[in-house]
Amino acid sequence: MKLPRPTPEPGALVDFYQQALSGLGAACERTWYDRLTVLADGAAARLWNDTGELSETELSFPAPDAPGARDPHREVFPGCPLTFRLADLLRPSPLPLETVVLASDNPQRPGLETVERAWRVQFPGTTRWSLRTPLTAAHHFSLLALLRCEIQAIDQHWSLHRLALSLPHGTPDPELATGLALAQTDPAPGREIAWPPAEPGSWASYLEAALAPELAPELAPIRERQQQYLRRELERIDDYFGRYELELTGRASRSSSEASRLKLADRLAATRTEHARRRSDQVARHEIRVVAHVDALLLVAERAWHAELDVVRDHAAQQLDARWVPRTRRWAIA
């Protein structure tokens, strides 16, 4: 899900900067309601210099509609580079993988008819279904990720997304992503949980696939605008070099000197090379780059019921290892 962007409030931004920079070891003093004096070195000073040298700065937090130019090194405003750099400084490296166990609303074993009916709804091509083993208590695992996305184009855009993926196959679980704030954790799971190992390569591909449809509505107008700008620039370049090549070709046809014709041929070849280079340069300038920063990872365990199944699906007999997830009322195949 795409998280809503909060309305910029100078007071809230001052509090955020003061707490964040103090946590990084800086000395902060709020001199006015929209002013913050910062004395920083080390990690906190990297907000202004990469070496971490001692830095003293007074930050200003103007209202979003305040007139005048903005100083990106001393003023905090919507889209300010200081805020992005501060977010990167606060992000721990390596990124920790947190775990949580969700409380179960209904710990009772589900009825056989209930789980079979859910299977047939989920997999309509099933002609035969039976349990090879009884339903036993187990856990189903999901991956929750908080992603900060930058869209680098002629204008820069950013958005914040919370994605939930059902493991092990990375199937998107939008219900978990939207309902996370209302979910209750289990402080005493009762038994040791065999957490799945981290798989950064697979998880990255799952997150990329889940993020693409969420970014599509935002990317569509950006892509259309970039294409219009690119088409205009390419037409301008083609018109200029087309006229110049036509002029060189005319000169060569009118020249009676062999040496002059050879020079014009070399110039024509160089012009065509430069024409191709200018076109390639404009295509590169109008590329759209999407950069996703993973700011948090959470591995979620919830009550499930495990069973081995004998099914005939799409005219093929299969023996499957599956889990019934009461929250989603769906089966997850291992």
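Which residues form one aromatic cluster? They are Trp119, Phe123, Trp129, Trp324 and Trp331. Keep that group in mind as you look around this structure, which is a predicted model.

**Aromatic rings and charges**

A search through the whole structure turns up 10 aromatic pairs. One of them joins Trp119 and Phe123, whose rings are tilted, with 4.4 Å from centre to centre and 45° between the planes. In general, a pair of aromatic rings is described by the distance of the centres and the angle of the planes. Are these two partners buried or exposed? Trp119 is buried, with a relative accessible area of 0%. Phe123 is buried as well, at 17%, and this counts as buried because the limit is under 20% relative accessible area.

Phe123 has another partner to look for: the charged end of Arg313 sits over its ring. A similar arrangement brings together Arg5 and Trp158. Here are the two cases side by side.

| Charged residue | Ring | Distance to ring centre |
|---|---|---|
| Arg5 | Trp158 | 4.4 Å |
| Arg313 | Phe123 | 4.8 Å |

**An open sheet with a helix across it**

Now let us turn to the early part of the chain. Three strands make an open sheet here, in the order β2-β3-β4, with antiparallel pairing. Its edge strands are β2 (27-32) and β4 (55-60), each of which pairs on one side only. On average, neighbouring strands of this sheet are turned by 20° against each other, direction ignored. As a general point, strands of a sheet pair through backbone hydrogen bonds, either parallel or antiparallel.

Four bridges link β2 to β3 (residues 35-40) in the antiparallel sense. To find a spot along this sheet, look for Cys28, which stands opposite Val38 in β3. Helix α1 (residues 10-23) lies across β2, β3 and β4, and runs at about 160° to β2.

**Strand β7 and its partners**

Further along the chain comes β7 (136-152). This strand is largely enclosed by the rest of the structure, because 13 of its 17 residues are buried. Which strands does β7 pair with in the antiparallel sense? One is β10 (residues 289-313), joined to β7 over 17 bridges. Along this pairing, Leu146 stands opposite Ala296 in β10. Another is β8, which runs antiparallel to β7 and is joined to it by 11 bridges. There, Leu143 stands opposite Leu165 in β8. A hairpin of three residues connects β7 to β8.

Helix α2 (residues 81-90) brings these regions together in one view. Its buried residues are Leu82, Phe84 and Leu86. The buried residues of α2 pack against α1, β4, β7 and β8 (156-166), so follow them if you want to move from the open sheet's surroundings to the later strands.

**Cysteines without a bond**

How many disulfides does the structure hold? There are zero. Cys28 is in no disulfide, and the nearest cysteine sulfur, that of Cys80, is 15 Å away. Cys149 is in no disulfide either; for this residue the nearest cysteine sulfur is again that of Cys80, 20 Å away. Both distances rule out a disulfide, because that would need sulfur atoms within 2.5 Å. Cys149 counts as buried, at 0% relative accessibility. More generally, a disulfide is a covalent bond between the sulfur atoms of two cysteines.

How values were computed:
Residues are numbered from 1 along each chain as its sequence is written. This is a predicted model: local features need pLDDT of at least 70, side-chain atom pairs count only at pLDDT 80 or more; totals for chains, interfaces and linings use all residues. Side-chain values use heavy atoms; hydrogens and water are left out. Buried means under 20% relative accessible area, exposed over 50%, partly exposed in between (1.4 Å probe, protein chains only). Two strands pair if DSSP finds at least two bridges between them. Helices (H or I, at least four residues) and strands (E, at least two) are DSSP runs, numbered from the N terminus. Axes are lines fitted to C-alpha atoms, for helices over the stretch in contact, and angles run from 0 to 180 degrees between N-to-C directions. Contact means heavy atoms within 4.5 Å. Rings of Phe, Tyr and Trp (its six-membered ring) pair if their centres lie within 6.5 Å; planes under 30 degrees apart count as stacked, over 60 as edge-to-face and the rest as tilted. A charge sits over a ring if NZ of Lys or CZ of Arg is within 6 Å of the ring centre and within 35 degrees of the ring normal.
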